[in-house]
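Colleague: Please take a close look at a single residue in this model. I would like its setting, its contacts and then the whole chain around it.

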Amino acid sequence: MTTRIPATRKQLIDDVLLKLPGVKAKNIGGLDAYLVTDKMFACISGDGIGIRVPAATAVELQFSRGDVVPFQPRGMPSSREWVQIDRADAADYAQDIEVFQASIAFVKGTRG
C-alpha cells in the first residue's frame, strides 16, 4: 500500500501558475515569486497570492470580490498596482486563471 503525501500550498500554486506559458518560479527576498520575461507578476504572501495588475483593475477587483485585499507583503504597504487574492484552498487558484493571465499581459507591457 502506498501512502500519498499531501501537496503543499506552494506545490498547489505551482501546479496552477507554472502551466502558464513563459512562467518561471524564483525565490526573491524570501518570497516565492513567479516571473514572466524576468519580471515578477505574482508572489506567495501570507494566506494568498499577490498579483500586479493595472491600478484601475486592482480597485475593481477589491470592490467586486470578497477574496481580494490590498497586497501588504510582510505587513508593509505596496503600490496601487498590487492586490492579493486570498483562498483557503490553494487548488482554488485555478479559478483565477484569467486574472493571472491579465497580470502576465500587464507585466509584459511594462518597463520595470
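Modeller: Here is one acidic side chain, followed by the protein that holds it.

This is a predicted model: local features need pLDDT of at least 70, side-chain atom pairs count only at pLDDT 80 or more, and totals for chains, interfaces and linings use all residues. Residues are numbered from 1 along each chain as its sequence is written, and side-chain values use heavy atoms, with hydrogens and water left out.

Asp-14 sits in helix α1, residues 9-17. Helices are DSSP runs of H or I with at least four residues, strands are runs of E with at least two, and both are numbered from the N terminus. Is Asp-14 buried or exposed? Asp-14 is buried, because its relative accessible area is 16%, and buried means under 20% with a 1.4 Å probe, protein chains only.

Beyond its neighbours within four places in sequence, Asp-14 is in contact with Lys-19 and Tyr-34. Contact means heavy atoms within 4.5 Å. With Tyr-34 there is also a side-chain to side-chain polar contact, at 2.5 Å. A polar contact is a pair of N or O atoms within 3.5 Å; within protein, one must be able to donate a hydrogen and the other to accept it, and residues adjacent in sequence count only if both atoms are side-chain atoms.

Now the whole protein. It has 3 helices and 6 strands. Their order along the sequence is α-β-β-β-β-α-β-β-α. Buried residues make up 39% of the 112 residues. The C-alpha trace spans about 50 × 30 × 25 Å along its principal axes.

Terms used
Buried < 20%, exposed > 50% of the residue type's maximum accessible area, 1.4 Å probe, protein only.
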